[in-house]
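Biologist: I am new to this structure and would be grateful for a close look at a single part of it. Please take me through the packing of one pair of helices and the loop that follows.

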Amino acid sequence: MRALVVLNPNATTTSVRTRDVLLAALSNDLDLEVAETTHRGHAIELTRKARADGVGLIVSVGGDGTVNEVVNGLLDPAPADGETVPDIAIIPGGSTNVLARNLGIPENAIEATGLLLDALRAGRRQSIGLGRLDDRFFTFTAGFGLDADVIHAVEDERERGRVSTVQLYVRTAVRRFFAQPERRRGTIELTADGATPVAGLAVVIVTNCTPWTYLGARPLRPTPLSDLNAGLDVFGLTSLRLAPTLLHLAQLTTRRGPRGRAVVSLHDRKELVLRAPAPLPVQVDGDYIGERTEITLTSVPRALRIAY
């Protein structure tokens, strides 16, 4: 099988030696081409070209951002009738690796490579659903408001040379929480599957699987029922008052997830529309993509096949 390895050379948890080992192992079973990303959006470009060239498998070596770009290169533009979309494989190399961990792929790159080789030899694939935010696919989460604001601030810190760590995210989240202009009541309106809108949301997180993310080794579950083979789930808060918010943050670490009067929870929805009177930050799979006043999110069942 022809395969392209899309490799992020800045991935935080794979050394050059580890990459050499896994590439050597993959080349024994695959007609392998390797391409390193050099800029944001490059993995999308590389994957689109490989898809047009008839490559059968794209192997993402990097973090959640690299996986997201590969997925968007595979599916956008929409495949023509009869076109075969390449399968995807994931070898984790980022700091969090949410989708890989949720699928049960080992965080160790060498072990993940071994699992992939077993899957290729056995012909093992699994179809999963995705979410789509306007024109951008996402694999595990999208956010509108505070969580995207935190991600944007962390990205700014990383551009200044800071290393992405749990401590950096926690410090940034605390700082951006207290910087919110209105914490007693939110400004976001949510419409799910055409039902009556829910107004006054201060936080909205949309998920395609659970956990939503990880704080080190600890999983965080705002939407405990979220499933890659179902629709989209929503976690929202109508208030960011300090004491209730701290309680809800603690509840993220439980299997039941957050609950209470300020919590809005929706499961297995096909379409979500979020609106705000002023532009708010937006993120997909942990990458900030700008500010908008309105976004539409849709569930895309059985969107791609993963080898693992």
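Modeller: Buried means under 20% relative accessible area, exposed means over 50%, and partly exposed lies in between. The model is a predicted one. By that scale D53 is partly exposed, because its relative accessibility is 40%. D53 belongs to the loop between helix 2 and strand 3, the latter spanning residues 57–62. Its side chain makes a polar contact with the side chain of K49, at 2.9 Å. D53 and R2 are 51 residues apart along the chain, and 9.9 Å separates their C-alpha atoms.

The helix that precedes this loop may now be considered with its partner. Two packed helices are described by the angle between their axes and the distance between the axes. Helix 2 (residues 42–52) packs with helix 3 (residues 64–75) at an angle of about 35 degrees, and their axes are 7 Å apart. The crossing of helix 2 past helix 3 is right-handed. On the side of helix 2, the contact is made by H42, A43, I44, T47, R48 and R51. Helix 3 contributes T66, E69, V70, N72, G73, L74 and L75. By character, the residues of this contact comprise five nonpolar, five polar and three charged.

A residue elsewhere touches the start of helix 3: N97 is in contact with D64, and also with G62, G63, P92 and E107, its neighbours within four places in sequence being left aside. N97 sits in the loop between strand 4 (87–92) and helix 4 (98–103). With a relative accessible area of 4%, N97 is therefore buried. The side chain of N97 reaches the backbone nitrogen of G94 at 2.9 Å.

Terms used
Residues numbered from 1 in each chain as written. Predicted model: local features only at pLDDT ≥ 70, side-chain atom pairs only at ≥ 80, totals over all residues. Heavy atoms only, no water. Axes fitted to C-alpha atoms, helices over the stretch in contact; angles between N-to-C directions. Helix = DSSP H or I, 4+ residues; strand = E, 2+ residues; numbered from the N terminus. Left-handed = near helix turned anticlockwise from the far one by under 90°. Contact = heavy atoms within 4.5 Å. Nonpolar A, V, L, I, M, F, W, Y, C, P; charged D, E, K, R; others polar. Buried < 20%, exposed > 50% of the residue type's maximum accessible area, 1.4 Å probe, protein only. Polar contact = N/O pair within 3.5 Å; in protein donor to acceptor, adjacent residues only side chain to side chain.
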